[in-house]
Amino acid sequence: MSDNSFYGPLPDPAANAGYSPDHPPRVGFFTDTSVCIGCKACEVACKEWNMVPEDGFNLLGMSMDNTGNLGADSWRHVAFIEQARPLGDQDPGLTDLPTGPPASERSAQITAAAIEAMPEGGAELGNVSVDLGVPKFERPGDGSGAESRTSFRWLMSSDVCKHCTHAGCLDVCPTGALFRTEFGTVVVQQDICNGCGYCVSGCPYGVIDRREGDGRAWKCTLCYDRLHDNLEPACAKACPTKSIQFGVLDELRERAARRVEELHERGVPEARLYGNDPNDGVGGDGAFFLLLDEPEVYGLPPDPVVPTRDAPAMWRFAGIAASAFVAAAVSSFLGRGRR
């Protein structure tokens, strides 16, 4: 059990919500952005399984990013960040990989075999150089190789609701539409939501939103229905590189720590975890990330704080002020009576 400077000792959020001690362990996501390829399989799987409406196809002037951010119709958002940094400065060995499409059917078979043979799971995942038997692309006439044309790198990350330990959306909901599940996740019940929008301003990450033409709030449920059938969420199931990993949260945190250690040993000192600290402003996230740059680069707040953090102190001060006001009024009344 950890201590949190805002809330004191941190119990299991499901137990704190009233579930019996033998409830299922808390589950969540660990997203390893170092192996995300930006394929958007998670976005598609999320929409298909949860019947999330399409949100248009506008590339927004940012490469393949057509969603821009999370919202009522985008429960998964794959961010594409282009940086002016030579390929290979980030991950040693990547410049040895061939570039361009496979040159033949045989190359395609080799590529498929290499992907199928890639080990899965936590620290075993790595940016390992694979010889696919395809020559590097060279521009005709000048003999230049891939190094001369890769003056940038892509940072890709699949963002999602964080299912916070201390969820601001849950704190401010006046109807009880938002509730904590036995798995420690946070879910919206659309048949109870009245569309007031308090939860929108209560989220420190800007995740939850109201659907246009509907008015009610919508967000990721961590596939609550699938969890009841012992199935992993659709996005994690569809991820081909296991960038999105689902499991018991404590196990994911251990796996993530090993992965960061591995990347540091491989010469990637900028690798860091985001959202895994139980002493942060939200008590730690149920969906946390391995990043290769500052959180702001990915559109994430560097120091998220649940807006209701100071509510207990504010109520205490309000109570003290009200007591003082009542005491002053009584004193004035008694003073007039004596006169």
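**Two cysteine sets, helix H2 and the loops around them**

Ala84 makes contact with Ser151 and Phe152, once residues up to four places away in sequence are set aside. This contact is a convenient place to enter the structure, which is a predicted model. Ala84 sits in the loop that runs between strand E4 and helix H3 (105–117). With a relative accessibility of 81%, Ala84 counts as exposed, because exposed residues are those over 50%. Another link to a distant part of the sequence is seen in the backbone: Ala84 and Arg153 are 69 residues apart along the chain, and their C-alpha atoms are separated by 6.6 Å.

From here it helps to turn to helix H2. Several residues of H2 are buried, namely Cys42, Glu43, Ala45, Cys46 and Asn50. The cover over the buried residues of H2 includes strand E4, strand E5 (153–159), helix H7 (234–238) and strand E10 (244–248). Met51 follows just after H2 and takes a positive phi of about 55 degrees. The positive phi of Met51 occurs in a residue other than glycine. Met51 belongs to the loop between H2 and E4, and a relative accessible area of 71% makes Met51 exposed.

The loop between helix H2 (41–50) and strand E4 (77–83) also holds Phe57. Phe57 has a relative accessibility of 65% and therefore counts as exposed. Together with Leu59 and Met64, Phe57 makes a nonpolar surface patch of about 320 Å².

Two sets of cysteines deserve a closer look, and both come from the UniProt record. In the first, the annotation "binding site" (unreviewed entry) covers Cys36, Cys39, Cys42 and Cys239. These cysteines are spread over 204 residues of sequence, but they cluster in space, with a largest C-alpha distance of 10.7 Å. Cys36, Cys39, Cys42 and Cys239 also take part in the lining of the second largest cavity.

How do individual members of this set sit in the fold? Cys36 lies in the loop between strand E3 (27–32) and H2. The relative accessibility of Cys36 is 17%, and Cys36 counts as buried because the limit for burial is under 20%. Leaving aside neighbours within four places in sequence, Cys36 is in contact with Met156, Ser157, Thr241 and Ser243. Cys39 is likewise placed in the loop between E3 and H2, but at 43% relative accessibility Cys39 counts as partly exposed. Cys42, by contrast, is listed among the buried residues of H2 itself.

The second set is again a UniProt "binding site" feature from an unreviewed entry, here placed at Cys46, Cys220, Cys223 and Cys235. They span 190 residues in sequence, yet no two of their C-alpha atoms are more than 10.6 Å apart, so these cysteines gather at one spot. Helix H2 contributes to this set too, as Cys46 is found in H2. Cys46 is buried, with a relative accessible area of 8%. Beyond residues up to four places away in sequence, Cys46 touches Met51, Val52, Trp75 and Arg76. One of these partners, Met51, is the residue with the positive phi just after H2.

Cys223 belongs to the loop between strand E9 (217–218) and helix H6. A relative accessible area of 5% makes Cys223 buried. When residues up to four places away in sequence are not counted, Cys223 touches Trp49, Asn50, Pro233 and Ala234. Asn50 was met above as one of the buried residues of H2.

A last feature concerns the loop between helix H6 (224–228) and H7, where Asn230 is placed. The phi of Asn230 is near 60 degrees, a positive value in a residue other than glycine. Asn230 has a relative accessibility of 74% and counts as exposed.

Terms used
Residues numbered from 1 in each chain as written. Predicted model: local features only at pLDDT ≥ 70, side-chain atom pairs only at ≥ 80, totals over all residues. Heavy atoms only, no water. Patch = residues over 30% accessible without salt bridge, like charges linked within 9 Å, V, L, I, M, F, W, Y side chains within 5 Å. Areas by Shrake-Rupley, 256 points an atom, 1.4 Å probe, with all protein chains shown as cover. Salt bridge = Lys/Arg side-chain N within 4 Å of Asp/Glu carboxyl O. Helix = DSSP H or I, 4+ residues; strand = E, 2+ residues; numbered from the N terminus. Buried < 20%, exposed > 50% of the residue type's maximum accessible area, 1.4 Å probe, protein only. Contact = heavy atoms within 4.5 Å. UniProt positions renumbered as here; feature names shortened; annotations may be inferred. 1 Å grid on protein atoms, 1.4 Å probe; cavity = no way out; pocket = protein on both sides within 12 Å on 5 of 7 lines; lining within 4 Å.
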